[in-house]
Amino acid sequence: MFTVGDKVIATSAVFGTEIWPAAEYGRTMYTIRQRIGPLLMKMQKRYGKLEDSGELTEKEIIRAERNSGVVSNRVREIQMQNYMRKMEQKKGRENDLREGLKLYRDGKYEDALEKFESVLGSKPEPNEASVASYNVACCYSKLNQVQAGLSALEDAMQAGYEDYKKYDESFINENAINAIKSLFGFNKK
């Protein structure tokens, strides 16, 4: 007899007399369902206790249900919460970018820098990262921190930033960008 929390260590192969390790839930369930003949299972008795943490994480719940081919209301709820959290974070990054641009236009470069760096510190999407990095470079330039500005500009280019005309400032233009690109080897194909 086995109970909730017990762990399957190995099962009979789909056919024949081999014993296969129970590496992942989906493969193990497939083996059990498709077995031809008697099924042997090696179990670890755990007396109703789950893994060391005591409870499954959201990722483990989703992975287990995906492997089993079943999607419960709990998984749908977790996915919806994750989606909503991701949308709130995206909205926060957009607000920080907007506020940073306003602060920059008002000449408050250190405050703007803080907003743009906040975007970079919150797992931004690639386009957000490239724009934020470019604006960080602009702030550093206005604060006369040339080396930090060049480093941020390199980050922006590596993140794929190429919309210089839209965000062009008087201190930097497309020719300057191309010159810097050639310094870092970005013009080479």
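**Why these names? A chat about the sheet and two helices**

Author: In this predicted model, three strands form an open sheet in the order β2-β1-β3, and their pairing is antiparallel.

Reader: What makes β2 and β3 the edges?

Author: Each of them, β2 (19–21) and β3 (41–44), has a single partner strand, so one side of each has no neighbour in the sheet. From one strand to the next, the twist averages 25°.

Reader: How do you know that β1 and β3 pair?

Author: Count the bridges. Two strands pair if there are at least two bridges between them, and β1 (residues 7–12) and β3 have four, in the antiparallel sense. So β1 and β3 do count as a pair. Within β3, K42 is the residue that stands opposite A10.

Reader: On to the helices. Why are α3 and α4 called roughly antiparallel?

Author: Helix α3 (residues 73–105) and helix α4 (residues 109–120) pack at an angle of about 160°. Anything over 145 degrees counts as roughly antiparallel, so α3 and α4 earn that label. The angle isn't the whole description, because two packed helices are described by the distance between their axes as well. For α3 and α4, the axes are 8 Å apart. Their crossing is left-handed.

Reader: Which residues make the contact between α3 and α4?

Author: From α3 come R93, D96, L97, E99, G100, L101, L103 and Y104, and they meet Y109, D111, A112, K115, F116, S118 and V119 in α4. Sorted by kind, the residues of this contact are eight nonpolar, two polar and five charged.

Reader: Why does G100 go with the polar ones?

Author: That's down to the sorting rule: Gly is among those counted as polar.

Reader: And why is D96 called buried?

Author: D96, which lies in helix α3, has a relative accessible area of 16%. The cut-off for buried is under 20%, so D96 qualifies.

Reader: What does D96 touch?

Author: Leaving out residues up to four places away in sequence, D96 touches K115, S118 and V119. Take S118: D96 and S118 are 22 residues apart in sequence, and 7.3 Å apart in space, going from C-alpha to C-alpha.

Definitions and conventions:
Residues are numbered from 1 along each chain as its sequence is written. This is a predicted model: local features need pLDDT of at least 70, side-chain atom pairs count only at pLDDT 80 or more; totals for chains, interfaces and linings use all residues. Side-chain values use heavy atoms; hydrogens and water are left out. Helices (H or I, at least four residues) and strands (E, at least two) are DSSP runs, numbered from the N terminus. Axes are lines fitted to C-alpha atoms, for helices over the stretch in contact, and angles run from 0 to 180 degrees between N-to-C directions. Angles under 35 degrees count as roughly parallel, over 145 as roughly antiparallel, 65 to 115 as roughly perpendicular and the rest as oblique. A crossing is left-handed if the near helix is turned anticlockwise from the far one by less than a right angle, and right-handed if clockwise. Contact means heavy atoms within 4.5 Å. Buried means under 20% relative accessible area, exposed over 50%, partly exposed in between (1.4 Å probe, protein chains only).
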